[in-house]
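Got the viewer open? Let's take a short walk through this one, one selection at a time.

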Amino acid sequence: MGGPNHLQEVEVFLHNMFNDPCILSIKNARLRQLVAKCIVKSRASKSRAIYARIGGKSPIASLSAQLAQKLCALDPSRYYTYAMRYTPPYALGVLEQLQQRAIKHITLFSMYAQYSTTTTLSSLTDAHNALKSLNYTPLLNIIDRFYTNALYNQAIVQSIIATLKGRDPQEFVLIFSVHGLPERVILQGDPYQAECIHHVSLLKQALTRACVFFKHVELAYQSKVGPMKWLEPSTEAMIEHHRKSKLVIYPLSFSIDNSETLYELQIQYRLDAKRLGVLEYLVCPCLNDHLDFAKAILEVLDNQRAKPS
């Protein structure tokens with residue numbers, strides 16, 4: 001999805017996001033632009049304040065660059081780079097560079113572990129449109145989700161164990177927090193919720209195999225925007241429900257840290273937990289450029305069965 005590379009880019013990020021028909025499903029482009037402009041005007045100041053709290057920018061671009069560099073070092077047989085949906089580097093510029101290098105075979109690897117029309121489809125459509133505008137026709141493979149990969153899930157389990165730092169997991173409730181969606185998106189056939197539920201079931205099995213047992217393991221949804229009915233339970237409600245327990249949060253739908261993890265989970269919900277008297281509140285980092293994550297990506301690529309499109 002991307003994120004502002006500096007505070008002056010916040011409006012660009014918000015405008016591009018809310019002008020995306022996969023995000024704001026208004027068919028009339030002019031009306032969507034008008035609504036997006038109003039949303040940006042109402043949210044820009046608050047969003048700038050959030051990014052100011054986490055260092056004046058989103059870390060997503062620099063962390064993605066570090067991951068790409070690590071992948072290039074681990075696997076010299078391929079060239080790894082990255083593109084963002086709503087802020088630079090955009091797919092158009094990145095693909096133009098690959099075209100100039102005369103690269104003839106490209107795998108588009110979605111950094112969203114679970115598929116959604118609002119995120120995965122939006123990014124892949126953007127890449128396809130960029131290829132068309134460049135008149136660039138490489139052999140193309142698509143990897144549009146990877147949450148079932150065992151190495152990836154082992155990396156998540158190890159991250160949770162590392163965050164506990166020797167604490168007894170049976171004293172904790174583990175909350176897998178994922179980005180929420182309006183309920184109507186799911187009713188229209190988006191598989192995201194089902195894949196999140198399936199992912200949690202796979203991780204429960206992986207935790208059992210690792211002999212890591214929690215008081216409870218829950219799935220919750222964060223980052224609600226607007227008045228529509230969103231998927232439930234919310235992460236805030238889940239924190240309140242388990243306020244008498246120790247909590248550890250894993251940001252399951254995020255592969256790279258961003259404002260939803262560094263501000264919403266680490267700062268905003270931590271304050272809520274403190275207000276509620278939660279005994280202990282831990283948040284796992286995203287996998288970012290961790291070596292285990294890089295190895296999982298390589299395995300997904302090596303095992304891919306995607307058909308050229």
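Start by selecting strand S5, residues 246–251. Keep in mind that you are looking at a predicted model. Is S5 mostly covered or mostly open? Mostly covered: 5 of its 6 residues are buried.

Now bring in the neighbours. Add strand S3, residues 172–179, and you'll see S3 and S5 pairing in the parallel sense, with 6 bridges between them. For a spot to zoom in on, pick Ser177, which stands opposite Pro251 of S5.

Next, add strand S6, residues 281–283. S5 pairs with S6 too, again in the parallel sense, over 3 bridges. Click Leu247 and look across to S6: its bridge partner there is Tyr281. While the side chains are showing, remember that in a regular strand they alternate between the two faces of the sheet.

Time to leave the strands. Select helix H1 (residues 10–18) and helix H2 (residues 29–53) together. How far apart are their axes, and at what angle do the two helices pack? The axes lie 8 Å apart, and the angle is about 140 degrees. Angles over 145 would count as roughly antiparallel, so H1 and H2 come out as oblique to each other. Their crossing is right-handed.

Finally, show side chains where the helices touch. On the H1 side, colour Val10, Glu11, Phe13, Leu14, His15 and Phe18. The H2 residues they meet include Arg32, Ala36, Ile39, Val40, Arg43 and Tyr51. Colour the whole H1–H2 contact by residue type and you should get 9 nonpolar, 2 polar and 4 charged.

Conventions:
Residues numbered from 1 in each chain as written. Predicted model: local features only at pLDDT ≥ 70, side-chain atom pairs only at ≥ 80, totals over all residues. Heavy atoms only, no water. Axes fitted to C-alpha atoms, helices over the stretch in contact; angles between N-to-C directions. Helix = DSSP H or I, 4+ residues; strand = E, 2+ residues; numbered from the N terminus. Parallel < 35°, antiparallel > 145°, perpendicular 65-115°, else oblique. Left-handed = near helix turned anticlockwise from the far one by under 90°. Contact = heavy atoms within 4.5 Å. Nonpolar A, V, L, I, M, F, W, Y, C, P; charged D, E, K, R; others polar. Buried < 20%, exposed > 50% of the residue type's maximum accessible area, 1.4 Å probe, protein only. Pairing = 2+ DSSP bridges.
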